[in-house]
Amino acid sequence: SMSLGFRSHALVCLISVVMLIAKGPSSRPRWAKIGVALVGIYALAVLLPNAISSGTFGADVQARTIAQEQVSDAPSFLAGRVEPPFSIAAISEKPLIGWGNLNKIDRATEASGVQIAKDLGMANPDSYRKIWIRDGGQVSLHSVFFESWAAGGILAAGFPALLIFLFSAAAIRARGQYAALVILVSIQGLWDVVFSPWGYNRPILFATSAVLACWSIAEHRRVK
């Protein structure tokens, strides 16, 4: 996936692998699981970006990653996305009822988002403001969770928040021969809720993923 340019999916796969190895067999000592998890986190946070920057996964992926870093200056915990500061500003302004329409978000809120971005180390507003507000004044938050909350208020955020809880629980509790599938689908679901927009058949994808997650949690309780 990484060499083909699907960086986010590759990261989801790697996170899933780290979780599977860290979980390990129940007989493995707790300290060993913690050690494996720490090594995996180090690999994802340090070794993987270095490998991408050095061209290990191809020149195209290397060029795209370097270009994105130069444009966004987004911290790594935002997965390279520049929209979260704008989302936080919009939600903070109207957390209960939302804006109704994202395109109604005003300039003062945009300025608050720029300040949040600067506090996070994003030093070039001109580079990310054009991603926040596209041609024609179209606002993009690029997140199912943030879009729902900013547009419809806290009630609208309830369903995405429930999905976050459901996928997290399934990934943590997954056991048995289908653990790899459940963890992969759950981590991908988490990624899509937080970092992907609506569209591209995402509702049906969430629905089928949620069914798998619910089955996994119910099976865990039955076996336990």
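Here is a short chat about the predicted model shown above, covering its cores, one helix, its salt bridges and a cavity.

Reader: Before we start, what pLDDT do local features need here?

Author: Residues are numbered from 1 along each chain as its sequence is written, and side-chain values use heavy atoms, with hydrogens and water left out. The model is predicted, side-chain atom pairs count only at pLDDT 80 or more, totals for chains, interfaces and linings use all residues, and local features need pLDDT of at least 70.

Reader: Okay, which helix gives the most to the largest nonpolar core?

Author: A nonpolar core is a set of buried Ala, Val, Leu, Ile, Met, Phe, Trp, Tyr and Cys residues joined through side-chain atoms within 4.5 Å; buried means under 20% relative accessible area, exposed over 50%, partly exposed in between (1.4 Å probe, protein chains only). The largest one has 40 residues, and Ile105, Tyr128, Trp132 and Phe167 touch the most other members. H4, H5, H6, H7, H8, H9 and H10 each supply at least two residues, with helices being DSSP runs (H or I, at least four residues) numbered from the N terminus. The top contributor, with eight residues, is H9.

Reader: And how many residues are in the second core?

Author: That core is separate from the big one, and among its members are Ala10, Leu48, Ile52 and Val61. Its total is five residues.

Reader: Within what arc do the buried residues of H6 fall?

Author: H6 covers residues 125-132, and Pro125, Ser127, Tyr128 and Trp132 are buried there. Turned away from that buried side is a face with the exposed residues Asp126 and Lys130. Taking directions from the helix axis to the C-beta atoms, the buried residues line one face of the helix, because they fall within an arc of 160 degrees.

Reader: Now the salt bridges: which residues are joined into one network?

Author: A salt bridge is a side-chain nitrogen of Lys or Arg within 4 Å of a carboxyl oxygen of Asp or Glu, and the structure holds four. In one of them, Glu110 pairs with Arg107, with the closest N and O atoms 3.0 Å apart; both sit in H5, three residues apart, about one turn of the helix. Glu110 is buried at 4% relative accessible area, while Arg107 is exposed at 62%. Bridges that share partners make a network of Arg107, Glu110 and Arg129.

Reader: Which salt bridge links distant parts of the chain, H9 to H10?

Author: One partner is in H9 and the other in H10, 10 residues apart. Both partners are buried, and the N to O distance is 3.5 Å. The pair is Asp192 and Arg202.

Reader: What's the volume of the largest cavity?

Author: A cavity is a set of points on a 1 Å grid over the protein atoms alone where a 1.4 Å probe fits but cannot get out, and its lining residues have an atom within 4 Å of a point. Points are joined across faces, edges and corners, and the volume is the space filled by probe spheres set on them. The count is one cavity of 30 Å³ or more. Its volume is about 30 Å³.

Reader: Which lining residue of that cavity forms a salt bridge with Arg81?

Author: The lining includes Arg81, Glu83, Pro84 and His142, and it divides into five nonpolar, three polar and two charged residues. Arg81's partner has its closest atom 2.8 Å away, N to O, and that partner is buried at 0% relative accessibility. It is Glu83.

How values were computed:
On a 1 Å grid over the protein atoms alone, a cavity is a set of points where a 1.4 Å probe fits but cannot get out, and a pocket is an open set with protein on both sides within 12 Å along at least five of seven lines; lining residues have an atom within 4 Å of a point. Ala, Val, Leu, Ile, Met, Phe, Trp, Tyr, Cys and Pro count as nonpolar, Asp, Glu, Lys and Arg as charged, and the others, Gly among them, as polar.
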